[in-house]
2 protein chains.
Amino acid sequence: MHTPENLKASFLDYLNTHSFPLAPKELFEPVNYILNLGGKRIRPVLLLMGYNLFKSDIQPALPIAYAYEIFHNFSLVHDDIMDASPLRRGKPTIHQKYDINTGILSGDVMLICAYQYLQEVQPADKLAQVLSIFNEVAKGVCIGQQWDINFETTNQVEIADYLRMIEYKTAILIAGALQTGAIIGGGSDSDAQHLYEFGKNMGIAFQLQDDILDTFGDTASFGKRIGGDIVQNKKTFLYLKALQLATPDQKTILHQQYTTPITETREEEQKIAIVKSVFKELSIEEISSQLRNEYQDKAMTHLQAVQVKEEKKIHLKELSEKMLNRIV
Amino acid sequence: MHTPENLKASFLDYLNTHSFPLAPKELFEPVNYILNLGGKRIRPVLLLMGYNLFKSDIQPALPIAYAYEIFHNFSLVHDDIMDASPLRRGKPTIHQKYDINTGILSGDVMLICAYQYLQEVQPADKLAQVLSIFNEVAKGVCIGQQWDINFETTNQVEIADYLRMIEYKTAILIAGALQTGAIIGGGSDSDAQHLYEFGKNMGIAFQLQDDILDTFGDTASFGKRIGGDIVQNKKTFLYLKALQLATPDQKTILHQQYTTPITETREEEQKIAIVKSVFKELSIEEISSQLRNEYQDKAMTHLQAVQVKEEKKIHLKELSEKMLNRIV
C-alpha cells in the first residue's frame, strides 16, 4: 500500500510532466498558473487511494486522477469569477491576475482537457462507466453552485436544502473520485458504490467541519480569518440550525445582524461576537459537531463494507480523520 | 436518403423532446432558452448527413447530433459574454437577459451535458473514437476563440494566422460533426477523414463568404448590416489582403480608417465607403471569392473521394452550395 504522501508525490510528478501547451499562451498560461498554485490535491489522492485498494501499480490511474484535479480547478476558476473572489490559495485568482474573459475561456479549455485525460483510462473498456460517473458528478457540481448562488438571495433555505447543496457542490466530486479509482482498479461495482458513499459522507462531514471552524476555530489552525461566514451573511448549517431553535428574541437578533449592512471593520467584529453568543446560547457548535460526526460515522460504515482486507483501509481511515482535523 | 430538411425536422423533434431539466430553473431555463432560439442547425444536420451516407435509420445518431448542437450553443453563450454581444439571432443573449454569472454557469452545464449525450453513442465501441474527435475539436474551438481575441489587440496578423483562426473557431466543429456521423454510421476511417476535410474546407469557404458578404453583400439577403466588420476594425481576410497589396498611400488610408475612433453613425458610413473604395481598387472582392472557391473546390475533392455512390452525395453537395449562397 502506498501512503497518501507517496501518492501525492507521484501525482505531483505526473502533473509537473504534463503541463498544458505553451501556445496560445494567453489561453494556457493561466491554466498552468492555477494548477501550480498548490493545494491539498485531495481528489486525485483519494482517487489513487481508491484504486490502490485493488491494484498496486498506480501509473494507469494517474491521468484519471489528473482529470479530477483539472475539473476541480476549472470549477474554482469559474466560481471565483462568479463570487468575485480576488484570492485563491493566497494568490490572485485568474480573473484578477488577467481578466474575466481569460478566466472564462481558460476555464472552458480546462474542462475539455479534463475529458481528454479521462480518455486515457485503462483498461479501455471502463471508459463508458468512468465517463458516466464524471458527467453526473460534473453536472451535479454546477447544480450545487447554482443552489449556493440562489441561497444568497432567498430567506427560505431549509436545512435539508443546505445539506443537499454542500453534497452537490463539494462532496460528490470526492465521492466520484473514490468510486472511479475503485472501478479502474478492478473493484466490484458494489465496492465502488460503497467508496462513493464513503466519499460523499466524508465530504459533507468535511464541509460541516469547515463551517464550524469558520466560526469556532482559531485563525492559527484554520488558516483563514474566523467569522468570515458570519460577516458575509452565509446561510450555513450553523445559522440555519440557530434560526430553527431560536427564541423570538434570538431570531430578531439574528435577522437584524444578517440584514444590517456593515461599513467598518469594528462593526464586523461586533457582529461576529453577537452572532457567536447567540450560537453559544443555542449550543450550535455541539449540535453541528454531532451532525458532522454522524456523517463521518456513516462514511466509516461504508468504508467497512468494502470487501478488501481491513489493513488496506488504514490510510483512508487516517486521511479522513486528518481531513477533519485539518492536518492534511 | 433523407433530405437535409427531413433531417432537420427529425433533429428538431429530438431536441423538443429532450429539453433540459426544469430545476434549478436559474441554471437550466437559460439553456432551454438559447437552444430554442432557432438557427440553421447546420452541425447536427451535417452530422446526420454524414451518418446517412452509410446508414438509413438515423435514430441512433440523434443524441450525438444533439451533443454537437449543445456544444455549439455553449460556445456562443460564452463567446457572447467575451464579446459583450447583446443580441444572438435577434434576441437577447443569456448574459444580457439574465446576467454574466448565469451565462458562465449555464454555459458550463451545457458543455457537460454535451458530453452526456455523447455517452449515448451507438455502437458503444465507437465511444473512444467519438470522444477523442469531440475533445480535439472542442479544444480547437477554444484556441480559435483565443486567437480571435488576440487579433483584436495586435497589428501583426498574417493572412495564414487569420485562416488558421477561422479554421479552428468555425470550420473544425463542422468537420468533426461530419467525421463523427460517418464513424457511427459505419464508414471507414478513410471516408470519415475525407468528410472531415470536406467539412473543414467548406467551413473555411463559408466563413470567407461571410466576410465577403459583410462588406460587399446587400442587407436584404445577408440579414445583417453591411460594413459591420469594417466599423469594428475586424482584421478579416479582406482587410489583411488589402494591406498586403496596398500602395503606401492606400496603406495610410486603411491604417487611418482602422485606428480613428468613431463617434457618429454618419462617420461610420463614411468609413465604410472609404475602406470599400480601397478594397475595390485592389480587387479584394474578386481575390477573396477566388480563395473561397479554392476552399470550396478542395471540399468537393474530398467529398468525391468518399467511397459511396455519387447519388448519395447529392444532398451534401447541394447543401454546401446553399450554405455559400445563404439559402439554407
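What follows is a chat about a predicted model with chains A and B.

Me: Before we start, what kind of model is this, and how are things numbered?
Reply: This is a predicted model, where local features need pLDDT of at least 70 and side-chain atom pairs count only at pLDDT 80 or more, while totals for chains, interfaces and linings use all residues. Residues are numbered from 1 along each chain as its sequence is written, chains are lettered from A and ligands numbered from 1 in the order in which they are written, and side-chain values use heavy atoms, with hydrogens and water left out.

Me: OK. What rotation puts chain B on chain A?
Reply: A rotation of 180° with 0.0 Å of shift along its axis, giving an RMSD of 0.0 Å. The fit is by least squares on the C-alpha atoms of residues with pLDDT of at least 70 in both copies. That is how a two-fold axis relates copies.

Me: And which surface do the copies use?
Reply: The same one serves both: 100% of the contact residues of chain B recur in chain A. Contact here means heavy atoms within 4.5 Å.

Me: Give me a residue that reaches across. What does B:Gln146 touch?
Reply: Leaving out residues up to four places away in sequence, B:Gln146 touches A:Pro24, A:Glu26, A:Leu27 and A:Leu105. B:Gln146 is in helix H7 of chain B. Helices are DSSP runs (H or I, at least four residues) and strands are too (E, at least two), numbered from the N terminus.

Me: Is B:Gln146 buried or exposed?
Reply: Buried, with a relative accessible area of 5%. The cut-offs are under 20% for buried, over 50% for exposed and partly exposed in between, using a 1.4 Å probe and protein chains only.

Me: Switching to aromatics. How many aromatic pairs are there?
Reply: There are 25 over all chains. Rings of Phe, Tyr and Trp (its six-membered ring) pair if their centres lie within 6.5 Å; planes under 30 degrees apart are stacked, over 60 edge-to-face, and the rest tilted.

Me: What sort of pair do B:Phe71 and B:Phe74 make?
Reply: A tilted one, at 5.3 Å centre to centre with 55° between the planes. The two sit three residues apart in helix H4 (residues 62–82) of chain B, which separates them by about one helical turn. B:Phe71 is buried at 0% relative accessible area, and B:Phe74 is buried at 2%.

Me: Which geometry does B:Phe71 have with B:Phe134?
Reply: Their ring centres are 5.6 Å apart and their planes at 75°, so that pair is edge-to-face. B:Phe134 is in helix H7 (residues 127–152) of chain B and B:Phe71 in helix H4, so the pair ties together parts that are 63 residues apart in sequence. B:Phe134 is buried too, at 1% relative accessibility.

Me: Which residues do ring pairs link into a cluster?
Reply: The cluster has members from both chains: A:Tyr68, A:Phe71, A:Phe74, A:Tyr115 and A:Phe134, plus B:Tyr68, B:Phe71, B:Phe74, B:Tyr115 and B:Phe134.

Me: Where does B:Lys97 lie?
Reply: Over the face of B:Tyr33, 4.8 Å from the ring centre. B:Lys271 has its charged end over the ring of B:Tyr258, 5.4 Å from its centre. To count, NZ of Lys or CZ of Arg must be within 6 Å of the ring centre and within 35 degrees of the ring normal.

Me: New topic: H13(A). Which residues are buried there?
Reply: A:Gln250, A:Leu254, A:Gln257 and A:Tyr258. Down the axis of H13(A), the buried residues fall within an arc of 95°, so they line one face of the helix. That arc is taken from the directions from the helix axis to the C-beta atoms. On the other side, A:Pro248, A:Asp249, A:Thr252 and A:Thr259 are exposed.

Me: What does the buried side pack against?
Reply: Helix H11 (228–231), helix H12 (237–245) and helix H14 (265–281) of chain A.

Me: Last one, backbone oddities. Which residues does a cis peptide bond join in chain A?
Reply: A:Gln122 and A:Pro123, with omega about -5°. A:Pro123 is in the loop between helix H6 (100–118) and helix H7 (127–152) of chain A. In chain B, a cis peptide bond joins B:Ala23 and B:Pro24, again with omega about -5°.

Me: And what's the phi of B:Arg89?
Reply: Near 50°, which is positive in a residue other than glycine. B:Arg89 lies in the loop between strand S1 (87–88) and strand S2 (91–92) of chain B.
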